[in-house]
Each structure stands twice: as C-alpha cells, then as structure tokens.
Amino acid sequence: MTQPTERTLYPSLRGKRVFITGGATGIGACMVEAFLYQGAIVGFVDIAEEDGSALCTRLAAAYGNAVCFRACDVTDVAALRVTIGEMCEQLGTFNVLINNVANDKRCDPRSLEDASWHSSMAVNLDAAFFTTRAIAPGMAESGGGSIINFSSINALYGPAEMPSYVTAKAGLLGLTRALASDFARDNIRVNALVPGWVATDKQLEKWLTPEAEAKWMENVRLQRRLKPVDVANMALFLASEDASMITGQQFVVDGGRL
Ligand SMILES: NC(=O)c1ccc[n+]([C@@H]2O[C@H](COP(=O)([O-])OP(=O)(O)OC[C@H]3O[C@@H](n4cnc5c(N)ncnc54)[C@H](O)[C@@H]3O)[C@@H](O)[C@H]2O)c1
C-alpha cells in the first residue's frame with residue numbers, strides 16, 4: 001500500500017498488538033501495513049506462504065520486528081490455535097483482532113458438492129469464531145479490545161452463484177451481534193465491516209472486468225473504484241479508542257450502493 005502523505009493517526013493504536021487473518025494479500029495486506037504505520041505491532045496468518053513472507057520481509061525493512069507472519073491454514077483449527085499461542089508468546093496478547101480471511105469461490109448451488117459447502121463455511125465463517133475464541137481470553141485479561149469481522153455487501157444483496165459465501169458472510173453479521181453481547185463485560189467490542197466491491201489484484205484478475213465494473217458503477221453513488229485503503233481506514237477507526245462506545249454494529253464501505 002502506498003501511504004498517503006497525510007494520513008490520520010490514532011494515538012490509541014500506537015503499541016497495540018493486532019492479529020489479522022488472511023493478511024498476505026488484498027485488503028488484509030493493506031491493513032497489515034496500515035496498522036504498522038500507526039505504530040501498532042502486527043501478527044498475521046495466511047495460507048499463501050510466499051506472499052506472506054514477501055510482505056513480511058518488505059514491511060520488516062520499514063517497521064523492524066513489529067511485524068510477524070506465520071503460514072497457517074485457518075480451517076485447521078488445531079494448527080490455528082497453536083499458531084496463535086506461539087504468536088502471543090512472541091508478541092504478547094492481542095488487543096485487536098481482524099477476522100479478514102475469506103474465499104469467494106463462485107458455484108452453482110445445484111451442483112455444489114457437500115464437501116465444498118462445508119469447506120466454504122470453514123474458511124468464511126467458522127474461522128472467525130475459532131480465531132475469536134483463541135484470542136478473546138488474552139484480550140479480556142489485558143483490559144479489553146476490538147474485534148472486526150469482515151462481512152460483504154453480498155451478504156445484504158445475495159447475488160447468484162455465491163450461496164455458501166453469502167450465507168457465511170450473513171452469518172458473520174449475526175456472530176458480530178451475538179459476541180458483542182457476550183464480550184461486552186470484558187470490554188471487548190465486536191463490529192462488522194461490510195465492504196462493497198474492492199479493486200484488489202485478485203478481483204481485477206478474476207472478476208472485476210471492465211464490463212462488470214461498468215455494471216457495478218450503474219448502482220453506486222460515488223463513481224470511483226473502492227480501494228483496499230478505503231476499507232482499511234474504517235478498520236483503523238473501529239480498532240481505535242475513538243470508537244470506544246461502538247459495538248454490535250455493521251459498517252458498509254461501498255461508495256454508496258443504491
Ligand atoms: N475484495 C472485495 O471486493 C470484497 C468485497 C466484500 C467483502 N470482502 C471481504 O473482505 C475481506 C478481504 O477481502 P480480499 O478481497 O482481500 O480477500 P481475498 O479473498 O483476496 O484474500 C483473503 C486472504 O485469505 C487467504 N486465505 C484464503 N483461504 C485461507 C485459509 N484457509 N487459511 C489462511 N488464509 C487463507 C488468502 O490467501 C488471501 O491472502 C474478505 O473477508 C472478503 O470476503 C472483499
């Protein structure tokens with residue numbers, strides 16, 4: 001991410017420990033850098049080992065050992081727990097958790113294999129719950145924190161050929177409200193971030209063709225591409241103390257979809 005020359009700085013994020021799932025590419029990678037820029041310490045996991053290591057090496061040159069990457073498949077819950085435990089030992093318990101990992105594979109519900117439905121739930125929904133369960137006790141002990149669950153505009157509109165993704169992303173909105181109630185007494189806030197169509201490299205390669213983009217723009221008020229940084233900016237705010245009385249909510253960042 002290229003940092004804008006003037007970027008909002010949140011003093012409350014300085015020194016905070018942030019854990020991000022799926023941080024090697026796309027919006028996740030943008031958030032890793034955005035939090036480091038705030039002076040936070042960032043641990044991230046991803047299945048994409050090469051991308052994660054390359055990002056970590058690049059950012060370590062600028063931010064030193066404030067960044068830490070581990071290759072991990074978040075659907076392997078036992079491995080995820082071990083990885084989180086090791087990262088906590090290395091960095092300290094986390095104050096901010098961003099459940100960002102996802103896989104937006106397209107499919108026809110008529111022919112979707114049972115196993116594919118379950119694997120979509122595992123990455124798009126279950127991982128957020130199990131990651132939260134592994135991180136929240138340490139967060140509570142250190143006085144509270146902020147959890148941000150990444151849903152999607154697709155959860156609100158329900159487009160075709162994404163039945164499991166849409167279902168999981170809608171589930172995350174419910175999970176957000178439920179955990180906001182459960183964790184309030186630990187001073188842990190839980191909110192959902194709901195991005196519109198964000199022009200990541202993957203989206204541009206796979207789905208965001210000029211035709212698809214023209215169609216998207218017909219239904220959106222602000223006529224410019226949504227970038228990862230537009231979404232990262234909302235994550236920074238929700239993680240910061242400036243959002244200290246905000247919990248159980250969902251925030252759409254989509255350029256004003258009609
Ligand atoms: N890009 C968009 O247009 C858009 C729109 C709405 C919502 N979102 C949501 O925002 C978040 C980030 O979006 P993105 O486009 O950068 O996502 P993405 O799909 O490009 O990347 C997510 C990251 O998760 C990693 N990952 C996938 N499966 C994994 C697994 N099993 N274990 C560990 N890591 C795994 C990938 O390697 C990747 O680095 C996601 O939750 C997505 O659903 C994105």
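**From Ala235 outward**

Leaving aside neighbours within four places in sequence, Ala235 is in contact with Met31, Ile98, Ile148 and Leu193. The model in which these contacts appear is predicted. Ala235 also belongs to the largest nonpolar core, a set of 70 residues. Within that core, the residues touching the most other members are Val18, Met31, Val32, Phe35, Val42 and Ala235. Met31 thus appears both among the contacts of Ala235 and among these well-connected core members. In soluble globular proteins, nonpolar side chains tend to be buried together.

The next element to follow is helix α9, residues 228–239. The helix has 12 residues and reaches 16 Å from its first C-alpha to its last, close to the 16 Å expected at 1.5 Å a residue. Ala235 is one of the buried residues of α9, alongside Pro228, Asp230, Val231, Ala232, Leu236, Leu238 and Ala239. What do the buried residues of α9 pack against? Their partners are one helix, α1, and the strands β1 (17–21), β4 (96–99), β5 (145–150), β6 (188–195) and β7 (250–253).

These elements belong to a protein chain with nine helices and seven strands. The C-alpha atoms of the chain fill a box of roughly 45 × 45 × 40 Å along the principal axes. For 258 residues, a compact globule would have a radius of gyration near 18 Å, and the 17 Å of this chain agrees with that. Buried residues make up 42% of the 258 residues. Among contacts between residues at least 6 apart in sequence, 75% join residues at least 24 apart.

The ligand is the other point to visit. It is surrounded by 27 residues, of which Gly22, Gly26, Ala102, Phe150 and Ser152 are the closest. The shell divides into 13 nonpolar, 10 polar and four charged residues. Which helix gives the most to this shell? Helix α1 does, with three residues. Both α1 (26–37) and α7 (201–206) supply at least two residues each.

Gly22, one of the closest residues to the ligand, sits in the loop between β1 and α1. Is Gly22 buried or exposed? Gly22 counts as buried because it has 26 C-beta neighbours inside 10 Å, where 20 or more are needed. Not counting residues up to four places away in sequence, Gly22 touches Gly28, Asp46, Asn100, Val101 and Ala102. Ala102 is also among the residues closest to the ligand. Asp73 lies 51 residues from Gly22 along the chain, and the C-alpha atoms of the two are separated by 9.3 Å.

Terms used: Residues are numbered from 1 along each chain as its sequence is written. This is a predicted model: local features need pLDDT of at least 70, side-chain atom pairs count only at pLDDT 80 or more; totals for chains, interfaces and linings use all residues. A nonpolar core is a set of buried Ala, Val, Leu, Ile, Met, Phe, Trp, Tyr and Cys residues joined through C-beta atoms within 7 Å. A residue is buried if 20 or more other C-beta atoms lie within 10 Å of its own, exposed if 12 or fewer, and partly exposed in between; C-beta atoms are placed from the backbone. Two residues are in contact if their C-beta atoms, placed from the backbone, lie within 7 Å. A residue is near a molecule or strand if its C-beta atom, placed from the backbone, lies within 6 Å of it. Helices (H or I, at least four residues) and strands (E, at least two) are DSSP runs, numbered from the N terminus. Ala, Val, Leu, Ile, Met, Phe, Trp, Tyr, Cys and Pro count as nonpolar, Asp, Glu, Lys and Arg as charged, and the others, Gly among them, as polar. The expected span of a helix is 1.5 Å times one less than its number of residues. The radius of gyration is taken over C-alpha atoms; the globule rule is 2.2 Å times the number of residues to the power 0.38.
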